[in-house]
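Student: I have a new model open and would like to learn how to read it. Could you walk me through it, one feature at a time?

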Amino acid sequence: MKKGLIAVIAVVAVIIVLIISVIGGYNGIVESQENVETAKSNISTQLQRRADLIPNFVETVKSYKDYESQTYKDVTAARSAVAAANTTKEQQQASEQLDKAISVWVNAVTENYPDLKASEQYRALQDELSGTENRVLVARKDYNESAKKYNTMIRKFPKNILSGIFGFEKYDYFENDASAESVPKVSFD
């Protein structure tokens with residue numbers, strides 16, 4: 001009878017340890033997943049900040065002269081795409097579209113209207129956009145680090161078993177497109 005009681009206690013203890021391990025593993029995966037979601041949200045916040053700066057930039061430029069409407073339309077469309085992006089892939093594509101539109105627009109405007117470069121307000125907005133680009137870069141880096149940690153966690157044993165059971169899926173990394181490897185020409189002459 002004593003041996004039977006010890007066996008029951010040992011089985012119950014093993015079950016309790018397993019339950020605690022499963023709960024701890026699950027909570028660890030959830031915490032890591034939340035870190036990735038927070039980092040993803042930070043990218044959205046910085047992209048939105050950049051998109052919100054553009055109307056100020058436009059108004060500053062408008063005060064000097066009218067400029068090509070197609071370029072303005074491209075920037076506006078790209079800005080709208082950033083606001084509408086939901087997935088990492090959509091954010092990445094919208095961000096690349098906005099990067100290209102801003103680059104073309106800023107170059108065209110500063111080359112066509114040299115007096116604009118001397119404007120203090122224009123320079124301040126230029127600095128804000130530059131700072132925002134750095135923030136976007138940092139937010140993307142932080143996201144990729146969080147995604148890497150999470151993706152590694154759900155693939156390692158024994159958490160890979162838990163992630164399979166509970167349906168945790170891998171996050172995509174935020175990557176540049178192929179054109180990002182070439183240095184864009186920026187001229188303020």
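**Reading the model, feature by feature**

Tutor: Gladly! Let's begin with some aromatic rings: Y26, F166 and F168 form one aromatic cluster. Please keep in mind that this is a predicted model.

Student: How many aromatic pairs does a search of the whole structure find?

Tutor: The search finds three aromatic pairs. One of them is formed by Y26 and F166, and this pair is edge-to-face.

Student: What should I look at to describe such a pair?

Tutor: Two things: a pair of aromatic rings is described by the distance of the centres and the angle of the planes. For Y26 and F166, the centres lie 4.8 Å apart and the planes make an angle of 65°. An angle over 60 degrees counts as edge-to-face.

Student: Where in the chain do Y26 and F166 sit?

Tutor: Y26 belongs to helix α1 and F166 to helix α6, which covers residues 159-166. With their positions 140 residues apart, the pair links distant parts of the chain.

Student: Are Y26 and F166 buried or exposed?

Tutor: The answer lies in between. Y26 is partly exposed because its relative accessible area is 30%. F166 is also partly exposed, with a value of 44%. The class runs from the 20% limit for buried to the 50% limit for exposed.

Student: Let me step back. Which secondary structure elements does the chain have?

Tutor: The chain has six helices and zero strands. Read from the N terminus, the order is α-α-α-α-α-α.

Student: What lies in the loop between α5 and α6?

Tutor: P158 is in that loop. Check the backbone there too: the peptide bond joining F157 and P158 is cis, with omega at about 5°.

Student: How much of the chain is buried, and what does the exposed surface consist of?

Tutor: Of the 189 residues in the chain, 33% are buried. The chain exposes about 12,000 Å², and carbon and sulfur atoms supply 56% of that area.

Student: What should I expect of nonpolar side chains?

Tutor: As a general idea, nonpolar side chains in soluble globular proteins tend to be buried together. In this model, the largest nonpolar core has 25 residues. Those that touch the most other members are I29, V36, I43, L98, Y143, Y150 and Y171. Helices α1 (2-62), α2 (69-84), α3 (88-112) and α5 (120-155) each supply at least two residues of this core. The largest share, seven residues, comes from α5.

Student: Could we zoom in on one member? What does V36 touch?

Tutor: Setting aside residues up to four places away in sequence, V36 touches Y143, S146, A147, Y150 and Y171.

Student: How can I judge whether contacts span the sequence?

Tutor: Look at how far apart the partners are along the chain. Among contacts between residues at least 6 apart in sequence, 78% join residues at least 24 apart. Take L47 and L98 as an example: they are 51 residues apart along the chain, and their C-alpha atoms are separated by 9.4 Å. K40 and Y143 are 103 residues apart in sequence, with 5.8 Å from C-alpha to C-alpha.

Student: Where is K40, and is K40 buried or exposed?

Tutor: K40 lies in helix α1. K40 counts as buried because its relative accessible area is 17%, and the cut-off is under 20%. Beyond its sequence neighbours up to four places away, K40 touches N86, T87, T88, Q91 and Y143.

Student: Which serines could I look at in the same way?

Tutor: Try S32 in helix α1 and S95 in helix α3. S32 has 5% relative accessibility, so S32 counts as buried. Leaving out residues up to four places away, S32 touches K149, Y150 and M153. S95 is buried too, at 0% relative accessibility.

Student: What does S95 touch?

Tutor: Outside the range of four places in sequence, S95 touches L47, R50, V82 and R140. The side chains of S95 and R50 are joined by a polar contact of 3.1 Å.

Student: And what about L47?

Tutor: L47 is in helix α1 and is buried, at 2% relative accessibility. Apart from neighbours within four places in sequence, L47 is in contact with V82, Q91, S95, V136 and R140.

Methods:
Residues numbered from 1 in each chain as written. Predicted model: local features only at pLDDT ≥ 70, side-chain atom pairs only at ≥ 80, totals over all residues. Heavy atoms only, no water. Core = buried A, V, L, I, M, F, W, Y, C linked by side-chain atoms within 4.5 Å. Buried < 20%, exposed > 50% of the residue type's maximum accessible area, 1.4 Å probe, protein only. Helix = DSSP H or I, 4+ residues; strand = E, 2+ residues; numbered from the N terminus. Contact = heavy atoms within 4.5 Å. Areas by Shrake-Rupley, 256 points an atom, 1.4 Å probe, with all protein chains shown as cover. Polar contact = N/O pair within 3.5 Å; in protein donor to acceptor, adjacent residues only side chain to side chain. Phe/Tyr/Trp six-rings, centres within 6.5 Å; stacked < 30°, edge-to-face > 60°.
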